[in-house]
Amino acid sequence: WRRGMQLRIAAVASIYSKSTRLPSTASSSTSSGQVMNLASNDVERFLLASIFLFYLFWAPAQSIAILGVGWSILGPAFAAGFALLMVVVVPLQSRFTREFAKRRSRIAAITDKRVTLVSQAVYGARVMKMNGWENQFEERIKAIRKEEMKEIWKANRMKALDETLFFSANIVVSAAIFIIHVFLGGTLTPRTVFTTLSLINVVQLEMTKHVSLAVMSGSECYVSIKRIQKFLESPEIHSSTEENAEATSREQILNLTGEIEYRSSKVISEMDGPLLSLSNVSSYWNGLHSNKKNNNTLHEDESSDPLVCALDNVTMEAKRGKLTCIIGTVGSG
């Protein structure tokens, strides 16, 4: 559990660190809902996997020891029941577990869409009300939620079948052992009956419950790792500060076709100049291009990855001690 908690904390920290370096443009394939789902639901799979995965090694060893004890008590009859449990019950539960993991992957993808849409509705509530989009958002959220509940219902039915098989396997296997033992000429005594029931209970719990949970948690953890890995491999904003990390006393921003200059308060106190000066600045909403490209190369690549213009040939000065307001249309950024 401790190792799983360490992995969970490390994954949350990595997701947060990655989210601060993602471009806030339409070209980004990551939404806020997906980030929230990764940091809240997917990281929890590390805890379950760390608790149950070791049963994949412990349960078979314990089952072999129980088979030896049962053989010494009932002989071939116990071996026949043990084989029934291993050949029929365990594969069926493993199959149900794999199907449940597939359903979980589909549910996670639909949940990402729903959380993203709800987040957009909450953050853009003013725009939504101004344009009268409440009904449209409500219908879209209900449609996605209906699809999500449909997949959850299928997953729960699969889980119910798995639980039914678990609680019925003990009775079926024990009855088969007793019938075979009597058929081979053996005699049932309280000693053999209660000992057999206890051994079968232990084997069933280990092989059909703990192993199934280990496979299920391992499958879900694998799906979550793939989702987190895909998120961590998303393109980042390439900032010029990567080349000058030691210059932490100054703020630097990307300048594509003009010049943007920040002056520190110490310089301003000595010189009566502007705090922020922009001269013929043109900026774009895009962080996928490397800063090492020059302007000509950047314009040549616009056909393959078009840039969205945010500022076009802007010149302004913001002086110290004065209020400067920038006014634009709603949604202009």
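This passage looks at one pocket, a nonpolar surface patch and a leucine in a loop of a predicted model.

The second largest pocket holds about 280 Å³ of space. Its lining is made up of 16 residues, and those that lie nearest the centre are R45, F100, R104, K159 and E220. Helix 3 (45-52), helix 5 (76-123), helix 7 (134-183) and helix 8 (190-232) each give two or more residues to this lining. Helix 7 puts in the most, with 5 residues. Sorted by class, the lining of the second largest pocket comes out as 8 nonpolar, 6 charged and 2 polar residues.

Out on the surface, L53, L56 and F57 come together as a nonpolar patch, and their accessible area adds up to about 300 Å². One member of the patch, L53, sits in the loop between helix 3 and helix 4 (55-74). L53 counts as partly exposed because its relative accessibility is 34%, a value that falls between the 20% and 50% cut-offs.

Another loop leucine, L307, is found between helix 10 (295-300) and strand 3 (308-319). Here the relative accessible area is just 17%, so L307 falls under the 20% cut-off and is classed as buried. As for its surroundings, the C-alpha atom of L307 is 9.3 Å from that of S283, with the two residues 24 apart along the chain. Both leucines lie in loops, then, with L53 partly exposed and L307 buried.

Definitions and conventions:
Residues are numbered from 1 along each chain as its sequence is written. This is a predicted model: local features need pLDDT of at least 70, side-chain atom pairs count only at pLDDT 80 or more; totals for chains, interfaces and linings use all residues. Side-chain values use heavy atoms; hydrogens and water are left out. On a 1 Å grid over the protein atoms alone, a cavity is a set of points where a 1.4 Å probe fits but cannot get out, and a pocket is an open set with protein on both sides within 12 Å along at least five of seven lines; lining residues have an atom within 4 Å of a point. Grid points are joined across faces, edges and corners, and a volume is the space filled by probe spheres set on the points. Helices (H or I, at least four residues) and strands (E, at least two) are DSSP runs, numbered from the N terminus. Ala, Val, Leu, Ile, Met, Phe, Trp, Tyr, Cys and Pro count as nonpolar, Asp, Glu, Lys and Arg as charged, and the others, Gly among them, as polar. Patches are made of residues with over 30% relative accessible area and no salt bridge: like charges are joined within 9 Å, nonpolar side chains (Val, Leu, Ile, Met, Phe, Trp, Tyr) within 5 Å. Accessible areas come from the Shrake-Rupley method with a 1.4 Å probe; for residues, only the protein chains shown count as cover. A salt bridge is a side-chain nitrogen of Lys or Arg within 4 Å of a carboxyl oxygen of Asp or Glu. Buried means under 20% relative accessible area, exposed over 50%, partly exposed in between (1.4 Å probe, protein chains only).
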